[in-house]
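Biologist: Please put the model on the screen. I will ask about its parts, and you can take me through each answer.

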Protein chains: 2
Amino acid sequence: MHYKLAFIGFGNVARALARLFLRKQGALEAQGITFSFTGISTGRHGCAVNPDGLDIVKALEFVESRQSINSLSLFPITNSLETISHSAADVMFENSPVNKQTGQPAIDHIRAALNLGMHAITANKGLVVHGYRELTALAKSKGRQFRFESTVLGGAPVFSVFRETFPLAELSSFSGILNATTNIILSRMENGEDYEDAVEYCQSIGVAETDPANDVDGWDAAIKVAALATVLWDIPTTPQQVNPTGISKITSKMIAQAKAEGKRYKLVCSAEKVGDKVTASVAPQLVDPSSPLYNMMNSSTGITFRTDVILDYSIIETERDDMKGGPVETAYGLFADFVNIVKS
Amino acid sequence: MHYKLAFIGFGNVARALARLFLRKQGALEAQGITFSFTGISTGRHGCAVNPDGLDIVKALEFVESRQSINSLSLFPITNSLETISHSAADVMFENSPVNKQTGQPAIDHIRAALNLGMHAITANKGLVVHGYRELTALAKSKGRQFRFESTVLGGAPVFSVFRETFPLAELSSFSGILNATTNIILSRMENGEDYEDAVEYCQSIGVAETDPANDVDGWDAAIKVAALATVLWDIPTTPQQVNPTGISKITSKMIAQAKAEGKRYKLVCSAEKVGDKVTASVAPQLVDPSSPLYNMMNSSTGITFRTDVILDYSIIETERDDMKGGPVETAYGLFADFVNIVKS
């Protein structure tokens with residue numbers, strides 16, 4: 001089977017995904033799967049479509065040297081919706097910048113793609129919070145799929161673990177560390193660094209934004225908790241309902257005292273379902289060594305699930321020396337969604 | 001769809017599985033899945049078949065009060081192979097005692113079931129080591145499946161996580177704590193208990209056998225490592241190749257010294273693939289807090305996978321107050337195999 005791919009948004013994650021497709025081309029072919037890139041829409045470097053396949057190597061080169069990709073297009077197009085409609089794609093990857101309050105324009109892109117009979121895949125957690133029910137229902141009505149594995153824990157399998165490997169299990173609660181920036185800050189403060197220096201470090205390695213508020217005030221984590229609750233329980237949950245408390249009131253003194261007591265502050269993300277009601281929270285909590293969260297340090301993140309069928313089940317992603325996370329890892333989650341869709 | 005189930009072996013795990021089927025009957029029906037028990041073969045309490053369905057509640061009651069189930073049978077049968085062939089089952093659960101050197105008679109049971117067009121599911125890790133390639137090939141040739149999720153980490157998803165949620169990932173190595181008994185012993189020794197008392201404790205809670213050698217000498221762990229390597233890399237690997245070192249030479253003094261240095265001894269189970277060659281080991285190792293294994297205490301077990309696509313990915317099972325592991329948990333792995341097979 002041959003699949004035509006459209007990329008809406010062509011930033012770090014999308015370009016890492018394009019490179020991953022090229023790296024895994026042989027492995028895909030061994031499974032009878034071939035692909036071509038038929039539409040690319042960028043923020044600042046134009047758009048291009050060609051239902052017979054675009055030159056992806058040139059597209060990567062042009063964008064990375066800040067040139068327009070317009071010249072690669074079979075005919076002139078000017079925006080993302082045109083790219084989608086003229087790409088004749090089978091699968092659309094949505095990785096464009098999203099307004100966090102509305103989920104737009106990404107929701108419109110995904111609606112358009114699904115309405116044209118494409119599968120839609122995104123790494124944007126806001127889309128899950130704002131559009132899960134609508135987009136999943138629309139996908140179903142078109143016989144297509146809407147997937148978003150990369151929205152929580154980077155590209156590591158979480159949603160698919162629940163969807164595919166826990167049949168008929170009832171999830172009663174989860175608890176995790178879902179924001180790397182705050183975990184790095186707390187870890188470094190435990191080693192004696194002060195808050196400002198730890199934030200600056202996170203900015204220097206590209207983990208925290210210039211304004212770190214979204215991370216340190218807990219909103220990034222709250223969106224992830226809301227996305228997990230919305231999907232795993234099919235109960236719409238908003239970040240406002242999670243109502244996060246950030247880490248800004250955790251002082252070096254509090255951390256030192258916790259350490260002296262053999263404990264640690266972690267920005268704990270949790271949710272519980274009782275009956276049809278979800279209670280969710282994001283807040284700093286003292287955890288002791290018996291918690292699976294205690295040992296998640298620095299950029300390691302993870303989540304523990306409590307079900308009615310087995311002991312507590314944790315998924316943890318740990319930093320490693322020979323691989324950086326970030327776009328490369330997020331790209332794998334998008335890629336896994338693609339393979340799982342086309343093989344199902 | 002209606003599925004007829006045969007249970008070969010009706011010990012703690014199989015009976016917990018029967019109860020789980022009854023508990024999840026409504027949830028299965030909501031997915032269009034109904035079932036009946038059409039064959040049961042026990043070690044000491046007879047055998048029974050009825051293609052129209054046996055009275056499972058009576059079968060549970062009889063076996064648990066040490067009575068024969070022969071009276072439940074539509075006609076007299078005397079052994080497991082007869083139970084399989086007369087059960088007219090769609091799915092056979094193999095949970096009978098297995099000879100660790102040969103995998104028999106369970107391998108014969110599974111061959112017979114697959115040849116009769118049944119799916120075959122087991123929690124016996126020896127079967128994976130002795131029969132993975134043959135039984136998987138036989139299943140495939142019959143359009144059926146051979147599954148064994150419960151063989152490693154109890155009923156927690158491990159094999160299915162790799163099969164379903166890591167498409168086209170290349171596993172380069174894994175490292176874990178796969179034997180609960182030795183982990184409990186080492187944890188208790190760290191708290192000052194001596195080796196003999198810790199072993200006795202494990203026996204008293206039913207985790208260790210009267211002769212604890214299989215656990216403490218590392219063979220239980222080695223079989224699990226061999227099973228993982230055999231399946232995840234499709235490279236036949238034996239426990240003899242793993243050649244385990246047990247924990248019997250780890251003294252209280254060594255443990256105290258490690259503790260003073262902020263480290264811990266763990267019975268580390270690991271394997272690495274380089275080219276087409278697998279190197280595997282089970283041996284006590286000092287681990288420090290940066291290792292995901294460091295925090296797995298008492299009966300908690302887990303495994304860390306290194307792939308070419310994401311950061312290190314760990315699956316950890318943690319003890320919890322409100323649920324005991326053991327048969328109930330193993331039963332869920334068998335149940336999950338069933339649901340995954342019939343939904344695929």
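Biologist: Within how many Å do the axes of helix α8 and helix α13 of chain A come, and at what angle do they cross?

Modeller: Note that this is a predicted model, in which local features need pLDDT of at least 70 and side-chain atom pairs count only at pLDDT 80 or more, while totals for chains, interfaces and linings use all residues. Residues are numbered from 1 along each chain as its sequence is written, chains are lettered from A and ligands numbered from 1 in the order in which they are written, and side-chain values use heavy atoms, with hydrogens and water left out. Helices (H or I, at least four residues) and strands (E, at least two) are DSSP runs numbered from the N terminus, and axes are lines fitted to C-alpha atoms, for helices over the stretch in contact, with angles from 0 to 180 degrees between N-to-C directions. For α8 (residues 180-190) and α13 (residues 252-260) of chain A, the axes come within 9 Å and cross at roughly 70°.

Biologist: How is α8(A) oriented to α13(A)?

Modeller: Angles under 35 degrees count as roughly parallel, over 145 as roughly antiparallel, 65 to 115 as roughly perpendicular and the rest as oblique. The angle here is roughly 70°. Therefore α8(A) is, relative to α13(A), roughly perpendicular.

Biologist: Which residues make that contact, and how do they divide by type?

Modeller: Contact means heavy atoms within 4.5 Å. Helix α8(A) brings Leu186(A), Met189(A) and Glu190(A), and α13(A) brings Ser252(A), Ile255(A) and Lys259(A). Ala, Val, Leu, Ile, Met, Phe, Trp, Tyr, Cys and Pro count as nonpolar, Asp, Glu, Lys and Arg as charged, and the others, Gly among them, as polar. The contact residues divide into 3 nonpolar, 1 polar and 2 charged.

Biologist: In which order do the 6 strands of the open sheet in chain A lie, and which strands are at the edges?

Modeller: Two strands pair if DSSP finds at least two bridges between them. The pairing in this sheet is mixed, and the order is β3-β2-β1-β4-β5-β6. Strands β5 (residues 119-122) and β6 of chain A, for example, are parallel over 2 bridges. Pairing on one side only marks the edge strands, β3 (47-49) and β6 (146-147).

Biologist: How are the two copies, chain A and chain B, related?

Modeller: Copies are superposed by least squares on the C-alpha atoms of residues with pLDDT of at least 70 in both. Chain A falls on chain B with an RMSD of 0.0 Å after a rotation of 180° and 0.0 Å of shift along the axis. The copies are therefore related as by a two-fold rotation axis.

Biologist: What area do chain A and chain B bury between them, and which three residues of chain A supply more of its share than any other three?

Modeller: Buried area is the accessible area (1.4 Å probe) that two parts lose on being put together, summed over both. Here 48 residues of chain A are in contact with 48 residues of chain B. The chains bury about 4200 Å², 57% of it on carbon and sulfur atoms. On the side of chain A, 17% of the area comes from Leu168(A), Leu311(A) and Tyr332(A).

Biologist: Which strands are at the edges of the sheet of 10 strands?

Modeller: This open, antiparallel sheet runs in the order β9(A)-β8(A)-β7(A)-β10(A)-β11(A)-β11(B)-β10(B)-β7(B)-β8(B)-β9(B). Each edge strand pairs on one side only, and these are β9 (277-287) of chain A and β9 (277-287) of chain B.

Biologist: Which residue follows Gln104(A) across a cis peptide bond?

Modeller: Most peptide bonds are trans. In chain A, the bond after Gln104(A) has omega of about -5°. The loop between β4 and α5 (106-115) of chain A holds the residue that follows. That residue is Pro105(A).
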